[in-house]
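Trainee: I have a model open and some labels to check. Can you take me through the reasoning behind them?

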Amino acid sequence: MKCVTVRAVITCGHQGVVGNLPSQTWVRIGGAPVLVDSDPEGRGIAGCPNYGPTIKPCTKTLRVISGYSSWLSIGGRGAVMSNLDGPTHRTPPGTGDHTVRHPRQTLLEGDP
């Protein structure tokens, strides 16, 4: 699995794009900060096309289920890996997933 940087493409299951924001900036891959534990949580999702009269689109990421490395850490927090998986806030809440579509780096790999 690849480590995930701020340049990664993380999307909801409907291809809405998650806004990445790193909480650390001292460890970088190709100049981009590596995301760590809790960085992908509570982030806004732009452009989710899944909406309608009784359907709420994916608007925010929720707590991650898997995808934080227990082997590779930065400042005591697990690095985000390309197997990231977590629910989104939508109708019904917690049923959609957000995942890494592309880590946008090929230099560093690690174990979950």
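Mentor: We will test each label against its cut-off. Keep in mind that this is a predicted model.

Trainee: Why is the contact between Arg 77 and Asp 39 called a salt bridge?
Mentor: The closest N and O atoms are 3.7 Å apart. The cut-off is 4 Å, so the pair qualifies. Arg 77 sits in strand E8, and Asp 39 in the loop between strands E4 and E5, so the bridge ties together parts 38 residues apart in sequence.

Trainee: What makes Asp 39 buried?
Mentor: Its relative accessible area is 3%. Buried means under 20%, so the label holds. Arg 77 has 28%. That falls between 20% and 50%, so Arg 77 is partly exposed.

Trainee: How do you know that Arg 63 and Glu 41 form a salt bridge?
Mentor: The N to O distance is 3.3 Å, and the limit is 4 Å. Arg 63 lies in the loop between E6 and E7, Glu 41 in the loop between E4 and E5, so this pair ties together parts 22 residues apart in sequence. The structure holds two salt bridges.

Trainee: Is Arg 63 buried or exposed?
Mentor: Exposed, at 62% relative accessibility; the threshold is over 50%. Glu 41 is buried at 16%, as the limit is under 20%.

Trainee: What makes the chain as compact as a globular protein of its length?
Mentor: First the make-up: zero helices and nine strands. The radius of gyration is 14 Å, and the globule rule gives 13 Å for 112 residues. The two values are close, so the description fits.

Notes: Residues numbered from 1 in each chain as written. Predicted model: local features only at pLDDT ≥ 70, side-chain atom pairs only at ≥ 80, totals over all residues. Heavy atoms only, no water. Salt bridge = Lys/Arg side-chain N within 4 Å of Asp/Glu carboxyl O. Helix = DSSP H or I, 4+ residues; strand = E, 2+ residues; numbered from the N terminus. Buried < 20%, exposed > 50% of the residue type's maximum accessible area, 1.4 Å probe, protein only. Rg over C-alpha atoms; globule rule 2.2 N^0.38 Å.
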